[in-house]
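Hi,

Here is the structure I said I would pass on. Have a look at it first, and then read my notes underneath.

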Amino acid sequence: MRILFINGPNLNLLGQRETAVYGRATLADIRRRVARRARALGVQVDFIQSNHEGVIVDRIGAARKRYAALVINPAAYTHTSVAIRDAISAVALPTVEIHLSNIHAREDFRHRSLSAPVCAGQICGFGPLSYELGLEAAVALAKAAAKSAGKRP
Ligand code: DQA
């Protein structure tokens with residue numbers, strides 16, 4: 001089973017960006033944590049980051065054949081992107097939205113997520129642990145989907 005992690009704009013700057021909000025872990029540190037957890041769960045993970053909405057839309061659209069589930073931190077696009085929401089809807093893969101910070105405890109404009117309603121659920125506020133919890137949720141969803149389709153995961 002293969003899971004795709006998609007990271008949106010400015011997450012390449014983690015570790016130096018607003019560390020009081022996002023902490024000191026870099027995206028590479030988080031990727032290592034996810035890879036360790038993936039090994040323990042016996043699944044494969046691919047991990048991408050882009051600052052470009054269209055690239056993210058393309059990667060979601062191309063995910064259908066290769067991946068059993070998606071875990072996405074759309075970053076600022078969470079609050080603005082109808083295109084990313086529509087791509088998640090269109091690809092119809094089990095999808096988990098994650099955030100490092102608790103977006104509901106921050107500025108009003110961050111309270112609304114355009115993508116969360118088309119995801120299975122949202123995990124936010126746990127720092128890098130949000131990524132590991134997102135992986136756990138995605139694996140459980142993918143297994144359930146494979147079971148209901150009568151396939152082996
Ligand atoms: C974020 C929260 C977003 O509001 C923000 O634009 C980000 C990061 C998070 O992981 O906490 O870039 O998605």
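Before the strands, one term: two strands pair if DSSP finds at least two bridges between them. Keep in mind as well that this is a predicted model.

**The strands in the middle of the story**

Start with strand β1, which covers residues 2-7. One of its bridges joins Leu4 to Leu70, a residue of β3. β1 and β3 (residues 69-73) have five bridges between them and run in the parallel sense. β1 also pairs with strand β2 (residues 44-49), again in the parallel sense, and here there are six bridges. If you want one bridge to find on screen, try Asn7, whose partner in β2 is Gln49.

How enclosed is β1 by the rest of the structure? Five of its six residues are buried, so β1 is largely enclosed. For this you need the cut-off: a residue is called buried if its relative accessible area is under 20%, and exposed if that area is over 50%. Anything in between is partly exposed.

Now move to β3. Five of its five residues are buried, so mostly covered is a fair description of this strand. What do you find on each of its two faces? Ala69, Val71 and Asn73 sit on one side, Leu70 and Ile72 sit on the other, and all of them are buried. Besides β1, β3 pairs with β4, in the parallel sense and over three bridges. In that pairing, Ile72 has Glu97 of β4 as its bridge partner.

**The ligand**

Where does the ligand sit? You will find it in the second largest pocket. The residues around it include Arg17, Tyr22, His79, His99, Ser101 and Arg106. Asn73, which we just met in β3, is also one of the residues around the ligand.

Three polar distances are worth checking for yourself:

- Asn73: an N or O atom of its side chain is 2.8 Å from an oxygen atom of the ligand.
- Leu100: here a backbone N or O atom lies 2.8 Å from a ligand oxygen.
- Arg110: a side-chain N or O atom is 2.9 Å from an oxygen atom of the ligand.

How much of the ligand does the protein bury? On its own the ligand exposes 320 Å², and 99% of that is buried by the protein.

**Two residues with a positive phi**

Most residues other than glycine have a negative phi. Asn10 is not a glycine, yet its phi is positive, at about 75 degrees. Asn10 belongs to the loop between β1 and α1 (19-22). With a relative accessibility of 33%, Asn10 is partly exposed.

Ala75 also has a positive phi, near 55 degrees, and is not a glycine either. Look for Ala75 in the loop between β3 and α4 (82-91). Is Ala75 buried or exposed? Its relative accessibility is 12%, and this is under the 20% cut-off, so Ala75 counts as buried. Ala75 is also listed among the residues around the ligand.

**A few other residues to click on**

Ser113 is in the loop between β4 (95-99) and β5 (121-124). Ser113 is buried, with a relative accessible area of 12%. What does its side chain make a polar contact with? One partner is the side chain of Glu97, at 3.0 Å. Glu97 is the residue that bridges to Ile72. The side chain of Ser113 also reaches the backbone nitrogen of Ser115, at 3.3 Å.

Val57 sits in helix α3 (residues 53-61). Its relative accessible area is 24%, which lies between the 20% and 50% cut-offs, so Val57 is partly exposed. From Val57 to Val139 there are 82 residues in sequence, and their C-alpha atoms are 22 Å apart in space.

Last, Met1 lies in the segment before β1. Met1 counts as partly exposed, at 23% relative accessibility. Arg37 is 36 residues away from Met1 along the chain, and 14 Å separates their C-alpha atoms.

That's the tour. Open it up and click through the residues in whatever order you like.

Cheers

Notes
Residues numbered from 1 in each chain as written. Predicted model: local features only at pLDDT ≥ 70, side-chain atom pairs only at ≥ 80, totals over all residues. Heavy atoms only, no water. Buried < 20%, exposed > 50% of the residue type's maximum accessible area, 1.4 Å probe, protein only. Helix = DSSP H or I, 4+ residues; strand = E, 2+ residues; numbered from the N terminus. Near = heavy atom within 4 Å. Polar contact = N/O pair within 3.5 Å; in protein donor to acceptor, adjacent residues only side chain to side chain. Areas by Shrake-Rupley, 256 points an atom, 1.4 Å probe, with all protein chains shown as cover. 1 Å grid on protein atoms, 1.4 Å probe; cavity = no way out; pocket = protein on both sides within 12 Å on 5 of 7 lines; lining within 4 Å. Sits in = over half its atoms within 2 Å of the grid points.
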